[in-house]
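Please write a short report on this structure for a bench biochemist. Cover backbone outliers, strand pairing, salt bridges and the surface.

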Amino acid sequence: MIESLKHALHAQSFKEQCRKKKKYFTRKRTLTFPVLVVFLLNMLTKTLQVELDRFFKVLKGPLSPVKVSKQAFSQARKKLSEQTFILLNERLVEEFYSDNTYRTWKGYRLIGIDGSTAQLPESEEIRQEFGGASNQYGDVMALAKISVAYDVENELGIDAIMAPYRSGERDLALQHLDAIVGFDHRTAGRRGHESDLFLFDMGYPALYFIALFILAGKDVVIRTSDAFLKEVQEAIHSDVADQIIRIPIQTPSRPLPPKLKALKPELDPAWVISLRVLTIYLEDGTAEYLLTTLLDAKQFAYEGFQGLYAKRWGSETNYDAVKNILEIENFTGKSVL
């Protein structure tokens, strides 16, 4: 993986994808494209000047006279596209799944998707771009909505998004779906899992949303309330803990979901979705309700779903790591970029 990333950083084609203008990173300077990116990949916790001095002592040797000011660094960073790190992460993820033995669940890669927020540096420019939330004094705090598609078995962020604060979590999850379908095409025949199983909490159930995952060839396990869709309500209140129901995508009283119609205009409105509805009882007697596309009760026994859904907690612990250990909210830059 390290060699793959090194190769990317020194490739002219990669640099061309990652610079803001064609003329950037063409001259011989101390802060070359690879050096700048590698510096930014370090966990920067001190002041910029301290971090720069320490970095170049390691890079050039303790007796080297080379110095880079934080002003020079800031100017160089503005020439770099945020796509740099998105593309590097894609490369790392593809390398991991193509050339490693990794954990799966019954042949599935388990992907938890969950959203959170990130506090951003305070500036009018950033608030205009990302939005925010008001406190009790009426002041608007700059915030972003963040979402991560996270391999809970291998503790790896597959795809991550930072978006305006008012973005919907389902919309961001569908962006993850598009990214992962693209990953499937790029790694066909090379990855070590058969398919993907997505784990979602209570904020995600929607008929159009589940339909889009099915159409993409992906399986889901989603926690739901007992008030979601008439067919689901009837199944839950029937006192049968494990049953398969059929849900028409369109009925006389329920038109085709507008988002589904917009994204899949060729969809047959007579399509009927099959879902399995499970009532899981926790140790304290509390009932949880799960919807899943895993219909085969022999291959996917009822008894295994409580433990399976509990694996989604890895998405929560990932946010704890990136916020409290990696300190992603400790931004060294103050611009929208």
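E155 sits in the loop between β3 (140-151) and β4 (156-164). Helices (H or I, at least four residues) and strands (E, at least two) are DSSP runs, numbered from the N terminus. E155 is not a glycine, yet its phi is positive, about 55°. E155 is exposed, at 60% relative accessibility. Here buried means under 20% relative accessible area, exposed means over 50%, and partly exposed lies in between (1.4 Å probe, protein chains only).

The model is predicted: local features need pLDDT of at least 70, side-chain atom pairs count only at pLDDT 80 or more, and totals for chains, interfaces and linings use all residues. Residues are numbered from 1 along each chain as its sequence is written, and side-chain values use heavy atoms, with hydrogens and water left out.

E327 also has a positive phi of about 55° without being a glycine. E327 belongs to the segment after α13. E327 is partly exposed, with a relative accessible area of 34%.

**Around strand β6**

Strand β6 covers residues 219-224, and five of its six residues are buried. What is the sense of the pairing between β5 and β6? Strand β5 (residues 195-200) pairs with β6 in the parallel sense, over four bridges. Two strands count as paired if DSSP finds at least two bridges between them. F198 has V220 in β6 as its bridge partner. From β5 the chain crosses through helix α9 (residues 207-215) to β6, and this β-α-β crossover is right-handed. That term means that, with the strands pointing away from the viewer, the path from the first strand over the helix to the second runs clockwise.

β6 also pairs with strand β9 (residues 287-292). This pairing is antiparallel and has four bridges. I222 has L291 in β9 as its bridge partner.

**Salt bridges**

How many salt bridges does a search of the whole structure find? The search finds 18. The criterion is a side-chain nitrogen of Lys or Arg within 4 Å of a carboxyl oxygen of Asp or Glu. Three of them are tabulated here.

| Acid | Base | N to O distance |
|---|---|---|
| E94 | R186 | 2.3 Å |
| D196 | R109 | 2.7 Å |
| D242 | R276 | 2.8 Å |

Take E94 and R186, which form a salt bridge. This pair links distant parts of the chain: E94 is in helix α6 and R186 in helix α8 (residues 169-186), 92 residues apart. E94 is buried, at 17% relative accessibility. R186 is partly exposed, at 39%.

D196 and R109 also meet in a salt bridge. They too link distant parts of the chain, with D196 in strand β5 and R109 in strand β1 (residues 108-119), 87 residues apart. Are these two side chains' residues buried or exposed? D196 is buried, at 0% relative accessibility. R109 is buried, with a relative accessible area of 0%. A network of salt bridges links R109, D184, D196 and K218.

D242 and R276 form another salt bridge. D242 lies in strand β7 (residues 242-248) and R276 in strand β8 (residues 272-281), so the pair ties together parts that are 34 residues apart in sequence. D242 is partly exposed, with a relative accessible area of 27%. R276 is buried, at 0%.

**A contact in helix α6**

T84 is placed in helix α6 (residues 83-98). T84 counts as buried, at 0% relative accessibility. The T84 side chain reaches the backbone oxygen of S81 at 2.7 Å.

**Surface and long spans**

Which residues make the nonpolar surface patch of about 360 Å²? They are M43, I325, L326 and I328. Patches use residues with over 30% relative accessible area and no salt bridge; like charges are joined within 9 Å, and nonpolar side chains (Val, Leu, Ile, Met, Phe, Trp, Tyr) within 5 Å. Areas come from the Shrake-Rupley method with a 1.4 Å probe, and for residues only the protein chains shown count as cover. I325 lies in the segment after α13 (313-324). I325 is exposed, at 54%.

L63 is in the loop between α4 (48-60) and α5 (70-77). L63 is exposed, with a relative accessible area of 83%. The C-alpha atoms of L63 and T293 are 62 Å apart, with their positions 230 residues apart along the chain.

Terms used. A polar contact is a pair of N or O atoms within 3.5 Å; within protein, one must be able to donate a hydrogen and the other to accept it, and residues adjacent in sequence count only if both atoms are side-chain atoms.
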